[in-house]
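Hello,

Here is the structure I promised to pass on to you. Have a look at it first, and then read on for my notes on what turned up.

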Amino acid sequence: MANRPPVSMPRLTRRSRILLIVGGLALLALLLGSRLVGTYVNWLWYREVDASNVYSTMLLTRVALFFIVGIAVAGAVAGSLAIAYRTRPVFVPVASEDDPLARYRSTVVARVRVFGIGIPALIGLISGATAQSEWRIVQLFLNGEPFGRTDPEFGKDIGFYVFSLPFYNWLIGWAFVILGLSFVAAAATHYLFGGIRVAGRGGQFTNAARIQLAVTAGLFILVKAVQYFFDRYNVLLSGRNDLFTGASYTDLNAVMPAKLILMSIAVFCALAFFAAIVLRNLLLPAIALVLLIVSGILVGSAWPSLLERFSVSPNAIAKEAGPIQRNMTETKHAYGLTKDEVNYVDYKGAADVSADEVANDTTTMPNVRLLDPSVLNRTFTQQQQRRNFYGFPEQLDIDRYTVNGEKRDYVVALREINTPALAENQQNWISRHLVFTHGNGFIAAPANTVQSVAEEAGGQGGYPRYSVSDTTSQGDIKVDQPRVYYGELVTDYAIVGSPWTKDGDYKGEYDTSTQSHRYQGEGGVPIDNLFDRSIFALHYGEKNFVFSNVIGEGSKVMYNRDPRDRVEKKAPWLTVDGDAYPAVIDGRIKWIVDGYTTTKNYPYAQKTQLGEAIQTTRTGVPRLADTQISYIRNSVKATVDAYDGSVDLYTYDEKDPVLKAWKNVFPGTVKPKSAISPEMAEHLRYPEDMFKVQRELLAKYHVTDPATFFSNEDRWSVPSDPTIQGAAGEANQPPYYILAADPQDLNAAEPQFQLTSVLTPFRRQFMSAFVSASSDPETYGTITVRRLPGETQTRGPQLVQNDFLSSSEVSSEINILTQQNTRVIYGNLLTLPVADGLIYVEPVYIERTGQESSFPQLNRVLVYHGGRVGYDSTLKGALEQVLGEGAGESATEIGDGAGADDGEQGTDGPQDGAPTGSANEEMRAAADEMQDAASRLFEARQSGDYQAEAKALQDLEQARQRYNDASESG
């Protein structure tokens, strides 16, 4: 049979080659151009927040890792291919039907440089791109500091496990990749060119093939020996036992010795492969490899399993007592739950509280929170929104302020710009990005009262007493700059500071219905030159950046405007809390964001799934749902200015070694703790997500005896939320911020702002403990656990809610309300320690169904104590129903406290909420006319009716002049 001639690839014409090269360069330019534009835009942003060193360090580290790893992998593969190709057999069989590889061999030979350089280059690019994402591991290795605490097994500093061990594991992983790819490349080349024969007797490998593959395999197995050595330390992070994290009895007595045995066998196996260079056969390496595999099965797997089954399991409590004790000790240290940080107090809890004790309480009962920030979003929106393009976050916030010498907690929120809510005729590019750029106002309402009882004022009671500080009015909490350019609702960029156009097409940023605003702050990236405008046009795919005549001198673009996003970008090593909250500090609105340093490599510390631990009925899906941690510190407090977007990071845990390492990586980025002003310290809260993690661990780790821990006989749990009906209520009850008596000093005159939660026995509904964490500057971070006696059966939240709903008065009224197309909403069920007992308080809201404009109003207050239920329109009345006459004397009266008198203060211009007391009727009438004209003006602008707009402006100016005249004469 005649031999088939070799098949060669068709040659490209010169024109085709040029077209391919041009096309390839164009594609590369598109890919690189997009990346370069994004890099420049990011650099401009980091420069704006004074963090250029953060971006440059991060970028240089990534680039260095990309090239180092990429070149290492590509070089190893290229070298392996070159050696195999150059040592190929001199005689290469010609193409024949018996040699199916001939055609591929001919193709490779014809384009040897393409394959010899192209394949390694592609593999190097992929490897470099993969490696650059691990820049944090490298930087922590280079800048880590000792913890000053050693592990209980090897006596090594914890810093070795947190900073060094991850880097060694990373190096070993890439060594496996390099040697594995090199082995495959060499084997494929030798096989293609006849150095390896699959068929036939003996001589399957040429000497060159045998030597190269044996050396590569020997190096691979030698790296495996190194891995066995470091695996001994990784065992301390083991999760073999479902009950606890860390090396178990089996790990200590079987797995660790097995690692040393396997390491020795691996070294012998590697030497056997190196010996194949001299022995000229692969029999000894094959025997050594089989020995390693069999040893791995018998010593590394079978022996630990047998020990676990026949020795440990029958005597688990005794065998695991030592490892459990280690786990308990290290977990408490890793999560900040040591005796120095947690105070355990024996508390009666079940004792009856007398009416006199409640009446004489001057710290807890006057500050009982009746406003639930998770319920009042729609109420704030309807009464304080003003315009369709403003809005409030779904979850409002709680903070405390001292007003007129009295400290109280407030429900607070910012009136933010809500870009998605713009009407259809407001969706053009100029309106979306240059007109409706910012929110306006800090809205606060005392949390312990409403403006009037629900039945009063024609059924218009039960609403918050707002204190509004914006561009038209100042409430009890003074704000120098109430405009909000950075907030939680912002989803798009804004262009600010642009000059007003001469033709009147652009009249500035919307401020109120009667005035515009031109941004004068430091925030934003300047785009008053053609180059930067072109860059942003490419970045956003928006040509108006270049062609719009509105953008001019002084124009800036604001982006990345969410406070949490800004903190995460400036400090990419932080895990941020899920709830940023606004506070007025020195007259400016600042978003406060809690930052955590975490690691999953703390030996013997219990590993926690962060997303599961922080999930409650009041939280959405966390950003880091799959993040696993074994150490956490609230090491950084961050602020974001709502007007200029400046991001400031402050050290809060000065002892945290992880924070110290990152400060070495990015020097000057985090300010010292001493830079926190006293007024800022007054508004710092104990972080909610960290508290959720800690209470989950306290439920198990409050015990001190390993046997008790193992048996779970004294385990606690976080109760589900009883106020949420259906499957959603099966999630954990959220912790609550309250202003109450200091648990360490019940006689203190000042209440303490604290974060609280209850714990119940495992899978039962009685009370086990009441946990609180102080947020006051003097006692910040102190956790107090009030332990209730185990033999008492003090009712927990679920049972109390059942008692509420089974009360004949409550159930009958709720049935009536439901039949009247009214939705009943149960607010936060607060557990309040008073004297030696517990009082439960829950606000009840109602809302009309079937009406888009309806919103919740406080209707009733539920109180429970000692098996008795109180149900009244006021806290005072409900307390007296439960405890007797006089018990409600210390409760804040409805309508008492700071804030406006109704839910309408704060609309554009002075209005019926503003001129009160000595103001005369003429001022009131003028204010009403101004409000009416402002409403007509807004409607006219929405509909595009220019005649109506002109008439409304004229009426508004006349009404304002009458108001000013009346004010001066009055």
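**Salt bridges**

Let me start with one pair of side chains: aspartate 648 and lysine 671 meet in a salt bridge, at 3.1 Å from N to O. Aspartate 648 belongs to strand β21 (residues 647-651) and lysine 671 to strand β22 (residues 670-671), so this pair ties together parts that are 23 residues apart in sequence. Aspartate 648 counts as buried, at 17% relative accessibility, whereas lysine 671 is partly exposed, with a relative accessible area of 33%. Elsewhere, Arg588, Lys590, Asp641 and Asp644 are joined into one network by salt bridges that share partners.

Please keep in mind that this is a predicted model. Across the whole structure, a search finds 28 salt bridges. Another one of them is formed by the side chains of aspartate 594 and lysine 637, at 2.4 Å from N to O. That pair links distant parts of the chain: aspartate 594 is in strand β17 (residues 588-599) and lysine 637 in strand β20 (residues 631-641), 43 residues apart. How buried are the two partners? Aspartate 594 counts as buried at 3% relative accessibility, and lysine 637 counts as buried at 0%. Lysine 637 also lies over the face of tyrosine 652, at 5.3 Å from the ring centre.

A salt bridge between helices is worth a look too: lysine 259 and aspartate 231 meet through their side chains at 3.6 Å, N to O. Here lysine 259 sits in helix α8 (residues 249-279) and aspartate 231 in helix α7 (residues 207-234), 28 residues apart. Lysine 259 is buried at 18% relative accessibility, and aspartate 231 is buried with a relative accessible area of 17%.

**Aromatic rings**

The whole structure holds 54 aromatic pairs, according to the search. In one of them, tyrosine 401 and tyrosine 410 are edge-to-face, 6.0 Å centre to centre and with 85° between the planes. Both of these tyrosines are buried. Tyrosine 701 and phenylalanine 709 make a tilted pair, because their ring centres are 5.0 Å apart and their planes are at 50°. Tyrosine 701 is buried at 1% relative accessibility, as is phenylalanine 709, at 2%.

There is also an aromatic cluster, whose members include Phe141, Phe154, Trp170 and Tyr233. In another spot, the charged end of lysine 224 sits over the ring of tyrosine 228, 5.1 Å from its centre.

Tyr401 turns up again among the contacts of valine 584, along with Phe442, Lys478 and His683, once neighbours within four places in sequence are left aside. Valine 584 lies in strand β16 (residues 581-585) and is buried, with a relative accessible area of 3%. Valine 584 and lysine 478 are 106 residues apart in sequence but 8.0 Å apart in space, C-alpha to C-alpha.

**The wider picture**

The secondary structure comes to 27 helices and 32 strands, and 53% of the 970 residues count as buried. In helix α5 (residues 135-143), the buried residues include Trp135 and Leu140; the buried residues of α5 pack against α2, α4, α6 and α19.

What makes up the nonpolar surface patch of about 520 Å²? Leu289, Val290, Ile293, Val294, Ile297 and Leu298 do. Leucine 289 lies in helix α9 (residues 283-312) and is partly exposed, with a relative accessible area of 33%.

Enjoy exploring, and best wishes!

How values were computed
Residues are numbered from 1 along each chain as its sequence is written. This is a predicted model: local features need pLDDT of at least 70, side-chain atom pairs count only at pLDDT 80 or more; totals for chains, interfaces and linings use all residues. Side-chain values use heavy atoms; hydrogens and water are left out. Rings of Phe, Tyr and Trp (its six-membered ring) pair if their centres lie within 6.5 Å; planes under 30 degrees apart count as stacked, over 60 as edge-to-face and the rest as tilted. Buried means under 20% relative accessible area, exposed over 50%, partly exposed in between (1.4 Å probe, protein chains only). A charge sits over a ring if NZ of Lys or CZ of Arg is within 6 Å of the ring centre and within 35 degrees of the ring normal. Helices (H or I, at least four residues) and strands (E, at least two) are DSSP runs, numbered from the N terminus. Contact means heavy atoms within 4.5 Å. Patches are made of residues with over 30% relative accessible area and no salt bridge: like charges are joined within 9 Å, nonpolar side chains (Val, Leu, Ile, Met, Phe, Trp, Tyr) within 5 Å. Accessible areas come from the Shrake-Rupley method with a 1.4 Å probe; for residues, only the protein chains shown count as cover. A salt bridge is a side-chain nitrogen of Lys or Arg within 4 Å of a carboxyl oxygen of Asp or Glu.
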